[in-house]
Amino acid sequence: MRVLVIAKFEHRLAEAMKTGLSRREAQRHIHREDRERAEWARFLLDRDPYDETLYDVVEPTDRISIDDAVAEIVAVCRS
């Protein structure tokens, strides 16, 4: 099963800063990780990594709780 976990940048930034990173460090970390993951996906799939057709489930974690996202993923696995 392929799951895309997404969230708006500001949400991701706030979550990264909870780990003790400064705003600037968190921004750099997020941008670096996004770039690396995008390159990896393009290399493997020759597609945009955020192309929702690549995934069985897309979970916007800035709009739903982690518990709800997990419940949805489990429900898809069971179906």
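Helices here are DSSP runs of H or I with at least four residues, strands are DSSP runs of E with at least two, and both are numbered from the N terminus. With that in hand, select strand β1, residues 3–6, and you'll find Val5 in it.

Before going on, a word on ground rules. This is a predicted model, so local features need pLDDT of at least 70 and side-chain atom pairs count only at pLDDT 80 or more, while totals for chains, interfaces and linings use all residues. Residues are numbered from 1 along each chain as its sequence is written, and side-chain values use heavy atoms, with hydrogens and water left out.

**Whole chain**

Zoom out and show the cartoon. You should see three helices and two strands, running β-α-α-β-α from the N terminus on. Along the principal axes, the C-alpha atoms fill a box of roughly 40 × 30 × 15 Å. Turn on the surface: the accessible area (Shrake-Rupley method, 1.4 Å probe; for residues, only the protein chains shown count as cover) comes to about 6000 Å², with 53% of that belonging to carbon and sulfur atoms. Buried residues make up 18% of the 79 in the chain; buried means under 20% relative accessible area, exposed means over 50%, and partly exposed is in between (1.4 Å probe, protein chains only).

**Stop 1: Val5 and its patch**

Back to Val5. Is it buried or exposed? Val5 counts as exposed, because its relative accessibility is 52%. Now add Met1, Val3 and Val76 to the selection: together with Val5 they make a nonpolar surface patch of about 310 Å². Patches are built from residues with over 30% relative accessible area and no salt bridge, joining like charges within 9 Å and nonpolar side chains (Val, Leu, Ile, Met, Phe, Trp, Tyr) within 5 Å.

**Stop 2: Lys8 and Thr61**

Slide along to Lys8, in the loop between β1 and α1. Lys8 counts as exposed, at 59% relative accessibility. Draw a distance to Asp62: the two C-alpha atoms are separated by 6.6 Å, though the residues are 54 apart along the chain.

Next, pick Thr61, in the loop between β2 (57–60) and α3 (66–78). Thr61 has a relative accessible area of 17%, so it counts as buried. Which residues does Thr61 contact, leaving aside its neighbours within four places in sequence? Light up Val5, Ile6, Ala7, His11 and Ile66; contact means heavy atoms within 4.5 Å.

**Stop 3: helix α2**

Select residues 23–45. This is α2, with 23 residues, reaching 32 Å from its first C-alpha to its last, close to the 33 Å expected at 1.5 Å a residue. That expected span is 1.5 Å times one less than the number of residues. Colour Ala26, Ile30, Ala38 and Ala41, which are buried residues of α2. Show α1 (9–17) as well, since what covers the buried residues of α2 includes α1. Just past the helix comes Asp46, with a positive phi near 55°.

**Stop 4: charged pairs**

Side chains of opposite charge can pair when their charged atoms come close. A salt bridge here is a side-chain nitrogen of Lys or Arg within 4 Å of a carboxyl oxygen of Asp or Glu. By this rule the count is seven salt bridges. Try these three:

- Glu10 and Arg23, paired at 3.4 Å, N to O. The pair links distant parts of the chain, with Glu10 in α1 and Arg23 in α2, 13 residues apart. Glu10 is partly exposed at 47%, and Arg23 is partly exposed at 40%.
- Arg37 and Glu33, paired at 2.4 Å, N to O. Both sit in α2, four residues apart, about one turn of the helix. Glu33 counts as partly exposed at 21%.
- Arg47 and Asp51, paired at 2.8 Å, N to O. Arg47 is partly exposed at 35%, and Asp51 is partly exposed at 21%.

**Last stop: Glu15**

Finish in helix α1 with Glu15, which is partly exposed at 36% relative accessible area. Show side chains and you'll see that of Glu15 making a polar contact with that of Lys18 at 3.0 Å. A polar contact is a pair of N or O atoms within 3.5 Å; within protein, one must be able to donate a hydrogen and the other to accept it, and residues adjacent in sequence count only if both atoms are side-chain atoms. Finally, draw a line to Cys77: its C-alpha and that of Glu15 are separated by 27 Å, with their positions 62 residues apart along the chain.
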